[in-house]
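Reader: I am new to this structure and would like to go through it step by step. Please show it before we begin.

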Amino acid sequence: MPIREYACENSHVFDFLERKKSDKPKRCPECGSGNLTKLFSTFGFSVRSSGQMRRIADHFNKESEMKQDLKENYGVENVSPIGARNLSEVHAEVKSTGSYVKDKMQENSEKQATARREKKKEWARGAMQRAPKRRLEMKERRAAEAAEKRKIRLS
Ligand SMILES: [Zn+2]
């Protein structure tokens, strides 16, 4: 059974005995945080460099900073990025547009629905106007044809 190393968002590192491959620790034994990341280790040798530790801490710090900024300054909570979007993309979008991608998608679909309704109305209005005009055109064409036939008969 391999021993895996995990780190929590507060940079506590601890060992975890992996009985099955799907086994994962739920909480940091030191602070109880559930925000954990697995550290890479090979054959039980720790590859815990200071650079790696800094990157892990930076990653968690940046994420919680972004979440805090979104919550405090934009009222955006429980960010769940859509599709390939990650937290920093969502954060950048909220910062530049002032709204979350979800709001924007909603707004877009409402705009499209309104545009479709307007187009239909427009078409219906046009059809009503076109119909009598077409009847008139037919009448004129038939009259012209009849006049032509009379002309042929007279000559
Ligand atoms: Zn911890």
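Author: A term is needed before the hairpin is discussed: two strands count as paired if DSSP finds at least two bridges between them. The model is predicted.

Reader: Which residue in the hairpin of β1 and β2 takes a positive phi?

Author: There are 4 residues between the two strands of this hairpin. Most residues other than glycine have a negative phi. One residue in the loop between β1 and β2 has a positive phi of about 65 degrees although it is not a glycine. That residue is Ser11.

Reader: Is Ser11 buried, partly exposed or exposed?

Author: A residue is buried if 20 or more other C-beta atoms lie within 10 Å of its own, and exposed if 12 or fewer do. Ser11 has 15 C-beta neighbours inside 10 Å, so it counts as partly exposed.

Reader: How many bridges join β1 to β2?

Author: The strands β1 and β2 run antiparallel. Within this pair, Arg4 stands opposite Phe16 in β2. The number of bridges that join β1 to β2 is 5.

Reader: Which residue in β3 is the bridge partner of Cys8?

Author: Strand β1 covers residues 3-8 and is joined to β3 by 3 bridges, with the two strands running antiparallel. Ala7 stands opposite Thr37 in β3. For Cys8, the bridge partner in β3 is Leu36.

Reader: In what order do the 3 strands form the open sheet?

Author: Strands of a sheet pair through backbone hydrogen bonds, either parallel or antiparallel. In this sheet the pairing is antiparallel. The order of the strands is β2-β1-β3.

Reader: Why is one side of β2 and of β3 left without a neighbour in the sheet?

Author: The open sheet has the order β2-β1-β3. Strands β2 (13-17) and β3 (36-38) each have a single partner strand, so one side of each lacks a neighbour because they stand at the edges.

Reader: By how many degrees are neighbouring strands of this sheet turned against each other on average?

Author: The angle is taken between neighbouring strands with direction ignored. The average is 35 degrees.

Reader: In what sequence do the elements of the chain run from the N terminus on?

Author: The secondary structure of the chain comes to 3 helices and 5 strands. Listed from the N terminus on, the elements run β-β-β-β-β-α-α-α.

Reader: Are α1 and α2 roughly parallel or roughly antiparallel?

Author: The axes of α1 (residues 50-74) and α2 (residues 87-97) come within 10 Å and cross at roughly 30 degrees. Angles under 35 degrees count as roughly parallel. That makes the two helices roughly parallel.

Reader: How do the residues of the contact of α1 with α2 divide into nonpolar, polar and charged?

Author: The crossing of the two helices is left-handed. On α1 the contact is made by Glu63, Met66, Asp69, Leu70 and Tyr74, and on α2 by Leu87, Ser88, His91 and Val94. These residues divide into 5 nonpolar, 2 polar and 2 charged.

Reader: What distance separates the C-alpha atoms of Ala57 and His12?

Author: Ala57 lies in helix α1. With 14 C-beta neighbours inside 10 Å, Ala57 counts as partly exposed. Along the chain, Ala57 and His12 are 45 residues apart. Their C-alpha atoms are separated by 9.7 Å.

Reader: What percentage of the residues in the chain is buried?

Author: The chain has 155 residues. Buried residues make up 6%.

Conventions. Residues are numbered from 1 along each chain as its sequence is written. This is a predicted model: local features need pLDDT of at least 70, side-chain atom pairs count only at pLDDT 80 or more; totals for chains, interfaces and linings use all residues. Axes are lines fitted to C-alpha atoms, for helices over the stretch in contact, and angles run from 0 to 180 degrees between N-to-C directions. Angles under 35 degrees count as roughly parallel, over 145 as roughly antiparallel, 65 to 115 as roughly perpendicular and the rest as oblique. A crossing is left-handed if the near helix is turned anticlockwise from the far one by less than a right angle, and right-handed if clockwise. Two residues are in contact if their C-beta atoms, placed from the backbone, lie within 7 Å. Ala, Val, Leu, Ile, Met, Phe, Trp, Tyr, Cys and Pro count as nonpolar, Asp, Glu, Lys and Arg as charged, and the others, Gly among them, as polar.
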